[in-house]
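Reader: I'm new to this one. Could you walk me through how to read it?
Author: Sure, let's look at it together.

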Amino acid sequence: MLRKLLIGTAAVVAALWATNTSLFGPTPEAGKTRLLSHRGVHQTFSAEDLENDTCTAERILPPTHDYIENTIPSMRAAFEHGAAVVELDVHLTPDGAFAVFHDWTLDCRTDGTGVTEETPMSRLKELDIGHGYTADGGRTFPLRGKGIGMIPALDEVFRAFPGRQFLINFKSQRADEGQALADLLNKNPEWRKATFGVYGGEIPTRESLRLVPGLRGYDKTSIISCLSRHLALGWSGFVPAACRNTLVIVPLNYAWMLWGWPHRFIERMKAAGSEVILMGPYQGGDFTAGIDHAGQLALVPDNFDGYVWTNRIEVIGPLLNPHGNSPGQTRVGR
């Protein structure tokens, strides 16, 4: 009886392995890995003891460049370093514009005050968004005066980068923000094509997904729903509804747990209309950790046919593609 039990168990294990291993079947072509640049090229900062209301501009590392996140020059530099998609943050202002800016309030980074979404775009255009950056506790402000008038509206971004793609982060929980973005994209087919996806605030994210046919997006709840259901059911090759027609977020330190990782998992997600985004290690909090240095990049599977989220596109882009080919064309080494 014990022998039969062992044989039966071994057979089940072998069947699960054969169903989910990436050793069989075609391997994706080299050069398919694409980079998703979080905030474009920006000033990096210490993440130690970081909270939701921490002013990150006051804790930047000594600057090695003058780029400021969410600006046109920052995005242009990110694309030049090999980004296939640039992530940006939006706030719907009282005059109906989408201001591209990270913070909920203006006090940290700029020479203004108040809530971003309550400030007209005309006023936002007057601010210096480099005003508050300091790497030495406020003794010097190396970017002060270099960010005047540099908060763009979302339509400016689309016009500045025809043919490029963006991941849009809702910072609010306003349904009308999702509705306004849906109206903008539905009225402008080229901008709809430029929108890789949406995420962030659950209410505007889901509202925009409801109103824009085929738009992909996610929020924290949908990430957990997709991954947990996949862990329960994915052994059979079945793709849960929560993982279909969406953006599937995979933390680097949990990827090994996914059935069929890497190639069969990605193949199944693509067949279900989804794209896979590999992020840095998840350690609690939000899902914005990136693949930001060579050691982490070395853990990305060879010929990874998905998107890699990075906060350091100026570092990872050249490492992934040292010969400077267009994204998605040639991948040579790490």
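Reader: Which strands and which helix each supply at least two residues of the lining of the largest pocket?
Author: Keep in mind that this is a predicted model. As for pockets in general, rolling a probe the size of a water molecule over the atoms shows where empty space is left. Here, strand 2, strand 4 (165–170), strand 5 (195–200) and helix 8 (220–233) each bring at least two residues to that lining. Helix 8 gives the most, with three residues.

Reader: How many residues line the largest pocket, and which lie nearest its centre?
Author: There are 49 lining residues, and Arg39, Leu50, His102, Asp286 and Thr288 lie nearest the centre. By type, the lining splits into 15 nonpolar, 20 polar and 14 charged residues. The pocket's volume comes to about 1800 Å³.

Reader: And the core? Which residues have the most contacts inside the largest nonpolar core?
Author: The general idea is that, in soluble globular proteins, nonpolar side chains tend to be buried together. In this model the largest nonpolar core has 68 residues, and Leu88, Leu154, Phe166, Leu167, Val250, Phe265 and Ile277 have the most contacts inside it. Strand 2 (residues 83–92) gives the most to this core, with seven residues. A second, separate core has 17 residues, including Cys55, Ile60, Ala99 and Ile151.

Reader: What does Phe166 touch?
Author: Leaving out residues up to four places away in sequence, its contacts include Met75, Phe79, Leu88, Phe161 and Phe196.

Reader: Which residues of helix 9 are buried?
Author: In helix 9 (residues 263–271), they are His263, Arg264, Phe265, Ile266, Arg268 and Met269. Just after that helix, Gly273 takes a positive phi of about 85°.

Definitions and conventions. Residues are numbered from 1 along each chain as its sequence is written. This is a predicted model: local features need pLDDT of at least 70, side-chain atom pairs count only at pLDDT 80 or more; totals for chains, interfaces and linings use all residues. Side-chain values use heavy atoms; hydrogens and water are left out. A nonpolar core is a set of buried Ala, Val, Leu, Ile, Met, Phe, Trp, Tyr and Cys residues joined through side-chain atoms within 4.5 Å. Buried means under 20% relative accessible area, exposed over 50%, partly exposed in between (1.4 Å probe, protein chains only). Helices (H or I, at least four residues) and strands (E, at least two) are DSSP runs, numbered from the N terminus. Contact means heavy atoms within 4.5 Å. On a 1 Å grid over the protein atoms alone, a cavity is a set of points where a 1.4 Å probe fits but cannot get out, and a pocket is an open set with protein on both sides within 12 Å along at least five of seven lines; lining residues have an atom within 4 Å of a point. Grid points are joined across faces, edges and corners, and a volume is the space filled by probe spheres set on the points. Ala, Val, Leu, Ile, Met, Phe, Trp, Tyr, Cys and Pro count as nonpolar, Asp, Glu, Lys and Arg as charged, and the others, Gly among them, as polar.
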